[in-house]
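Me: I'm new to reading protein structures. Could you walk me through one?

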Amino acid sequence: MSAAIAAAGLSKRYRIGQLQSSYGTLRESLTRVAKSVASRPHRHHHEDIWALRDVSFEVPEGQVLGVIGRNGAGKSTLLKILTRITTPTSGRAEIRGRVGSLLEVGTGFHPELTGRENVFLNGSVLGMKRKEIGGRLDEIVEFAGIERFIDTPVKRYSSGMYVRLAFAVAAHLEPEILLVDEVLAVGDAEFQRRCLGRMQDFGESGRTVLFVSHNMQAIARLCERTILLADGQIERDGPSPDVVAYYLQSGQGSGSFRDLTDADQVWSDGLAKLRWIRVVQDGRTVESADVRRPIGIELAFTVLEPGQPLFPKIKVNSAEGEIVFNAFDTDSRWHDPVEPGDYVATAWIPENVLNEGLFTVDPAIASLGSGKLLPHAGARLVVSFHVHDPGEGDSARGRFTGQLRGVVRPLLEWTLEER
Amino acid sequence: MTETNLQVRPAPPAEQPPVADPQERSERTFVIRPAPRWPHLDLSELWHYRELLGTFVWRDIKVRYKQTFLGVAWALLVPVFTATVYIVVFGKFAKFPSGLTPYPILVYAGLLPMQYFTSALNGSSISLVSNANLVTKVYFPRVMLPLAGVLTPIVDFLIGSLVLIGLMAKYSTWPKGLEFFLAPAFILLALVTALGAGFLLSALNVRYRDVPYAIPVFMQVLPFVSGVPYELSQIPTKWQWIFSINPITTVIAGWRWTVLGAHAPNPGQAAVSVAVAVLLLLGGLAFFRSSEPRFADTI
C-alpha cells in the first residue's frame, strides 16, 4: 500500500483585490497603478487571504477520503490544486495514477451538439481516448437511459436528461483516483442514489476517492476517513463518524439561525425578500430539536411591492437531499394582496413527525399563478437542524433503543380488537 | 444499535467497473508544486493531450454554422462579398493598378489569407474566456485552446479557396511553377503570427475584457497596410521594408506569388516578416505560460 495522494504543506494565497474584481478593464488597472504610484506610503494596502494553509495529508491507495468544512474553508481550493486547475502558492503534492475529477457534471457540454457528440466531447475533456469512448458509448447511453434522443442536440433535452447523460459519461471514466465535489447537489433523489452507488463501486474496486461534500450522511456512509477543514487548515483528521460528529457539534454546520440579508445563496425578484430564518423549540433557537415537541421554522421576510397575494413556504430536506415535504401557509390571510412591510411567519412541524437525523430547510416566498407555485424570493439549504430522541420511551421508538429507518417517524395510534 | 440507516441503498446493477489491467495502469506520478518562475513548455504533455486538440477543432467546426439558414455557404459568401466591395471601390472607382494579374483575382487572393488571419486571431483571442467553464473545471494544457482557435478557420479558408480556383479558371491564371508548393508555407506564416498574437491576447483577455473591442479596430486597418487592395511591389522599396514588419504583408505577397505567379516577395523582407512572426510566437507563448497559473483564479 503506497500513498496515492501525498500532500505536504499545501498553501494557496489569494490577494483580496484578486477575489473582488476578478477581472476588470485595462483602464481600471491603469488607474490603480497610477494611484499606487501617487500615494506610495500606502502601497501595502491589499490584504492576503490564505485559502489553504500548510495542509498535509496522505491518502493510501484504495482509501475513500471525505473532506468537509463550511463554505470558504478551503475544500474547493484543495480540489482545484489536486486537479491542477490552479497551482499552490507553496507546498507540494504527489499524485500517483490517472486522476479523474467530477467537479461538475457536464463540464464542456455544448448545447448545439447532439447527445452522441457531447459524449465524445465531454469524455475527451475528462481525459478519455476517443477509442475508449467509442467502445463504451452504448453502455453510457444505456446508463443514461436516453437511447431515443442520442442524436438530438442537448439544448432540447430536459434538465434531467442532460444531467443523466453528463453523469453517465463521468461514471464511465475509469480513473485510478477520483476527485468528487458535490455532484450530489444536483438531480433528483433517485439520481443521487445512483451517484452514491457508483462512488461506492469505485471505492470497493480499490480505487482512491476524495469526496468533498456537505452531505454528512453520504460522507459517513461512503468514507472510512474524513478531514475537516476550517479556515484553510486541517482541524480534524480521523474516522468519519468521529469527525462528522465533531463538526456537527462544534456548530460549524450551516447552523440553525441564518441572516439572509446578504447571504449569497439567496435570491429575490424584487416583490419580496428574505431577512432571516431560524429553527426554534420552546422559544429558543436550537441546533438539535427534541422529536417529542413541535419544531418551529421562523422565517422573517419583507414584502417590497404591494398588490400581490404572497405566502411563505418551506421545503424540508433530509441529509441525503431528498425532499421530506413542501409546505406553505394556506390560511385565508394570504388570499388578498399583502401590504408591504416586515413579517415573521412560523411554520410548526408537529411533534413525532420527523425521524432522527439532520434536516435542512429551503425557505421561499411564493404566489399562486395558473395552477403553479411561483417563487418570488428563496434560498437553498440555509439552515439545518438535528432531530434527536432522548429515548425516554414516550416517542415512536418506545423502548426500542436502535434507530428506526425512514424519513418520517410518526407516533401512530394503534387499535386492537380481539376477533 | 441493531439497525442503521447508513446502509447502501439499492445500488445500480452491481456491475464492477473492471479494474484496470496492471499493465495498463499508468504509473504516471505527477508532482504539483508552485508555478515555476520561468515558463517552459512540456512537449510530451502536449503529445499526451493531442486528441483533445482534435476534439476542440472538431467541436468548433461542428458548431460553427449550426442553426444558420445558409450554413457553410457563409464560408463562400463572406470573402466573395468583401472582395466585391474592394473590386468596385478600389478597382473601378479608384483605379488601383493590378500588376501582373487581373484585379479581381488579385484582391480575392489577398483577401483569403487576410480573412483566415482575422478569424484565427479572433478565435484564439477569445478562446480562453469562451471556454471559461472548462478552464475553471478541468485540467488540460491551456495552450490547446488558442491552438484550436487558429486551426479551425483553416476549413473556411479551404472552402473559400474553391472560389479562387473558379476565378483562376475564368481568367486562366494558373500557378507558374514549382513555387506553388511553397504556398502552404505562407499560410503557416499566417498561422504562426495569429497564434503568437492569440497567445498574447487570449491571456490578456482573461484579465482585461478590452481585447474583443480592440481587435476589430486593428482589423479594419490591417488589410490596407498588408497589401490586400494592391501589390506590395507597387510601393517604393524603402516603404516595403517597413511594411514587412507586418508578417501578413509577406503572407499575402507570398501567397499571390505561389498561386497566381505575381511578383516574388523580396527574400530579405520575407526574412524580416518570419523573424517578427517567430518572435511574436515565442513572446506570446512565454507570456501565456507565465499567466497560465492564474487563469482559473481570474477568469
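**Helices and a sheet**

Reply: Sure! Keep in mind that this is a predicted model. Let's start with a helix on a sheet: helix α3 (residues 75-82) of chain A lies across β3 (64-68), β6 (177-181), β7 (208-212) and β8 of chain A. Its direction makes an angle of about 150° with β6(A).

Me: What is the order of the strands in that open sheet of chain A?

Reply: First, the general idea: strands of a sheet pair through backbone hydrogen bonds, either parallel or antiparallel. Here, six strands line up as β5-β6-β7-β3-β8-β9 in chain A, and the pairing is mixed. β5 (99-102) and β9 (233-239) of chain A stand at the edges with a single partner strand each, so one side of each has no neighbour in the sheet. From one strand to the next, the twist averages 15°.

Me: In which sense do β8 and β9 of chain A pair, parallel or antiparallel?

Reply: Antiparallel: β8 (residues 225-230) of chain A and β9(A) pair over six bridges. One to look up is A:Arg225, whose bridge partner in β9(A) is A:Pro239.

Me: Now chain B. Which residues of α2(B) are buried?

Reply: To call a residue buried, look for 20 or more other C-beta atoms within 10 Å of its own. In α2(B), that gives B:Leu52, B:Thr55, B:Phe56 and B:Arg59. They sit on the same side of α2(B), because they cover an arc of only 100° around the axis.

Me: What do the buried residues of α2(B) pack against?

Reply: They pack against α4 (115-125) of chain A, together with α7 (144-151) of chain B.

Me: And how many residues does helix α2 of chain B have?

Reply: It has 15 residues, 50-64, and reaches 21 Å from its first C-alpha to its last, close to the 21 Å expected at 1.5 Å a residue.

Conventions:
Residues numbered from 1 in each chain as written. Chains lettered and ligands numbered in written order. Predicted model: local features only at pLDDT ≥ 70, side-chain atom pairs only at ≥ 80, totals over all residues. Helix = DSSP H or I, 4+ residues; strand = E, 2+ residues; numbered from the N terminus. Expected span 1.5 Å × (residues − 1). Buried ≥ 20, exposed ≤ 12 C-beta atoms within 10 Å, placed from the backbone. Arc of directions from axis to C-beta. Contact = placed C-beta atoms within 7 Å. Pairing = 2+ DSSP bridges. Axes fitted to C-alpha atoms, helices over the stretch in contact; angles between N-to-C directions.
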